[in-house]
Amino acid sequence: MASNHDADPVGATYAKPLLQLATEQNQAAQVGEELAQIAEIVRQNKTFGLYLSDPGISNDERNATLTRVFGGKVSPLLHNFLGVLNHRGKLRYLSQISKAYERLLEDQLGNIEVDVTTAQKLSPEQVEVVRQRVSAALGKNAIVHQYVDESILGGLMVRVQDKLIDASVRYQLQAMKQQLLSAAPR
């Protein structure tokens, strides 16, 4: 399912100004993609991640490595941002910053991640109907992620951030069972 929207204070602290600068330079999407790619590289390469956070390595040496690895391959804005993170000893937060940046960018674009769970896979037309209805209800552009869970029997469950709307047949049957049990004579 889509990530939760718990705010990471360090990630948001650094992601907000980066997004602001990237937006001013019309590079918000590009910088976000590059940042996500670098965060993924660090995630997959533990040795590189340890190197970036090793206090025994000087900022100058680490900066030279960053320039050698990413110089000319990422936007100058992101390259400079990496330098700032290095100078402040915050490179170890790249993953959190990348996630915060992605959430902030989605908010800025008016997009919202929505998880839709159904008992059977929906057709593209049905997904579009769900997307349009959820978008209209939220006043945002819903990005729908579809999941299949046969145990819900029918209907659908919609999760938006930390809110769940359960309109599944399973939930309705459970609610009906509770009503019947509470109404039964004792």
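This note covers helix α5 and the second largest pocket of a predicted model.

1. Local features here need pLDDT of at least 70 and side-chain atom pairs pLDDT 80 or more, while totals for chains, interfaces and linings use all residues. Residues are numbered from 1 along each chain as its sequence is written, and side-chain values use heavy atoms, leaving out hydrogens and water.

2. Helix α5 covers residues 76-87 (helices are DSSP runs of H or I, at least four residues, numbered from the N terminus). Its twelve residues should span 16 Å at 1.5 Å a residue, and the end C-alpha atoms are 16 Å apart, which agrees; the expected span is 1.5 Å times one less than the number of residues. After α5 comes G89, with a positive phi near 70°.

3. L77, L78, F81, L82, G83, L85 and N86 are the buried residues of α5 (under 20% relative accessible area with a 1.4 Å probe, protein chains only; exposed is over 50%, partly exposed in between). Their cover includes α1 (9-24), α2, α4 (59-70) and α6.

4. V84 lies in α5 and counts as partly exposed because its relative accessibility is 38%. Between V84 and Y14 the C-alpha distance is 9.8 Å, although they are 70 residues apart in sequence.

5. The second largest pocket holds about 190 Å³ of space. A pocket is an open set of points on a 1 Å grid over the protein atoms alone, where a 1.4 Å probe fits, with protein on both sides within 12 Å along at least five of seven lines; lining residues have an atom within 4 Å of a point. Among the lining residues are R43, K46, L50 and R92. Helix α3 gives the largest share, five residues.

Technical notes
Grid points are joined across faces, edges and corners, and a volume is the space filled by probe spheres set on the points. Helices (H or I, at least four residues) and strands (E, at least two) are DSSP runs, numbered from the N terminus. Contact means heavy atoms within 4.5 Å.
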